[in-house]
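Please look over the chain below from its first helix to its last strand. The text then takes the parts in turn.

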Amino acid sequence: MLKKLDYILDRKQKQGLVWLGILLFIAGLLETLGVSAIFPVVMVIMDPDALMEYEAVRIVTGALGIRDATQLVIILLGALMLIYVLKNVFLLYVVKQQTKFIAYNRNRMISRVLREFLNRPYEFYLEADIPTVFRITDADIPNVFQLLQVLIQFASEIIVAACLCVVLLVTDWKMTLSLLVVFGIITLLISKLLKPRLNRLGRKNQEVQSRIAKWRIQAIYGIKDVKVLHREEFFAYNYENTGKESVKLFQRYAIMNNAPRLLIETVFMMFLIGYILIYLLQGNDIAKLITTLSVFGVAAIRLLPCANRINTYITEIAYAEPCLNYLYENLNINVKLMQENPVIRSAGSKEKLKLQDEIRLSHITYAYPNTDKYIFRNADMVIPYSKSVGIM
């Protein structure tokens, strides 16, 4: 998938992705800082003198002129507020840059593909499935850029999850490793069980979208015949029925897409409650667990949605992958056509044919594709400059 995206995107688009990657990495660090900064505040509030026992804390408080724990709590709370304000302002900026990148480049890709199609030989359109040509610009390319956005968000969530896991490992490595194993198994199961089904669902949706486009195009472009033959209901009926197929596919996709989130939430709560029960049954002190649970509780507010989104993104990627494959195949066809026929120009090419006197055709032999009947055999013709000639 990444190789295909590398082929589809141009150099400028890849540079934009690198810049987005840097922004997302910084955002991930800020998200982690926002969660980990709560830990010392919780410690000071629960046990004001505990934090003052650390040598590094005493050095910092001495340098700042802080004499008691109350002052320290006030400063920490103020710093925490500042961290969250700066973090969320930066995250809003990242959303703006991400949306701008996706929307602008989606439009560029649609324009590029349209140029590529217009520059294909006339013979291509003799056997082309026109509704599918419409679908690539109306549905496939938007889905590919939705896929790209999902991959960017997927990378962002992985960064945040990795950084949060480091914080949790320091807090309680046993609970963290256990959680990671559980979530790893769930993610693997989702990937193995749902991905093939969603791939098939995505391909089926492509077929249905082509049929929807077909009924719409045939009805509108053939409106004279439709009116003369009173076939309005025929086209409306078929369009509606095909739309119902699309609705059923969307329902199945919505169920599969939401299943991971509900599964992870259920497993996480069962795991956390089970861990507390085992901890108490072993005769351990509940007071020692409160600080750990406070940190895990705060981390869970961010980590649980993070784990949900990661698994949701896996299902979305699987569903949109057939659109990426189709776009990739079509751009490959254009490259092959240009290699086979140098007259065909690439999209965006501004080179023009130089015509000064006439176009002279000599010894032309031609038959339409997939037919044995020749239209011309060793034909000669001259088209003078500024004249139009039609051949029937």
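What follows goes from the overall fold to the cores, then to single residues, and ends at the two strands and the pocket.

This is a predicted model. Its chain holds 11 helices and two strands. How are these arranged along the sequence? The order is α-α-α-α-α-α-α-α-α-α-α-β-β, with the helices ahead of both strands. The chain has 392 residues, and 37% of them are buried. Its accessible surface is about 24,400 Å². Carbon and sulfur atoms account for 63% of that area. Contacts reach across the sequence. Of those with a separation of 6 or more, 78% join residues 24 or more positions apart.

Now turn to the interior. The largest nonpolar core has 31 residues. Which members touch the most others? They are M109, V113, I141, F145, L148 and L327. Several helices build this core. At least two residues come from each of α1 (2-8), α2 (11-36), α5 (69-118), α7 (130-171) and α11 (286-340). Helix α7 gives the largest share, with 10 residues.

L327 is a good place to look at this packing. Setting aside residues up to four places away in sequence, L327 touches I8, M109, V113, I136, I141 and V144. Among these partners, M109, V113 and I141 are also on the list of members that touch the most others. A separate core lies apart from this one. That second core has 21 residues, including L194, V208, L249 and I264.

Next comes Y313, a residue of helix α11. Is Y313 buried or exposed? Its relative accessible area is 9%, under the 20% limit, so Y313 counts as buried. Y313 and L151 are 162 residues apart along the chain. In space, their C-alpha atoms are separated by 7.5 Å. The contacts of Y313, not counting residues up to four places away in sequence, are with V150, Q153, F154 and E157. Residues 130-171 form α7, so these partners of Y313 fall within the span of that helix.

K87 offers a charged counterpart. This lysine sits in helix α5. What is its relative accessible area? The value is 6%, so K87 is buried. Leaving aside neighbours within four places in sequence, K87 is in contact with L30 and E31. Helix α2 covers residues 11-36, and both partners of K87 lie in that range.

The strands come last in the chain. Strand β1 covers residues 358-367, and strand β2 covers residues 374-384. S362 belongs to β1. With a relative accessibility of 42%, S362 is partly exposed. Which residues does S362 touch, not counting those up to four places away in sequence? They are A379 and D380. S362 and V382 are 20 residues apart in sequence, and their C-alpha atoms are 8.7 Å apart in space.

Each strand also holds a backbone angle worth checking. Most residues other than glycine have a negative phi. H363, in β1, has a positive phi of about 55 degrees and is not a glycine. H363 is exposed, because its relative accessible area of 57% is over the 50% limit. N378 lies in β2. Its phi is positive too, at about 50 degrees, and N378 is not a glycine either. N378 has a relative accessibility of 52%, so this residue also counts as exposed.

The last stop is the largest pocket. Its space comes to about 410 Å³. How many residues line this pocket? There are 14, and L361, I364, F376, M381 and I391 lie nearest its centre. The elements that supply two or more lining residues are β1 and β2. Strand β2 gives the most, with six residues. By class, the lining has 12 nonpolar residues, one polar residue and one charged residue.

Notes
Residues are numbered from 1 along each chain as its sequence is written. This is a predicted model: local features need pLDDT of at least 70, side-chain atom pairs count only at pLDDT 80 or more; totals for chains, interfaces and linings use all residues. Side-chain values use heavy atoms; hydrogens and water are left out. A nonpolar core is a set of buried Ala, Val, Leu, Ile, Met, Phe, Trp, Tyr and Cys residues joined through side-chain atoms within 4.5 Å. Buried means under 20% relative accessible area, exposed over 50%, partly exposed in between (1.4 Å probe, protein chains only). Helices (H or I, at least four residues) and strands (E, at least two) are DSSP runs, numbered from the N terminus. Contact means heavy atoms within 4.5 Å. On a 1 Å grid over the protein atoms alone, a cavity is a set of points where a 1.4 Å probe fits but cannot get out, and a pocket is an open set with protein on both sides within 12 Å along at least five of seven lines; lining residues have an atom within 4 Å of a point. Grid points are joined across faces, edges and corners, and a volume is the space filled by probe spheres set on the points. Accessible areas come from the Shrake-Rupley method with a 1.4 Å probe; for residues, only the protein chains shown count as cover.
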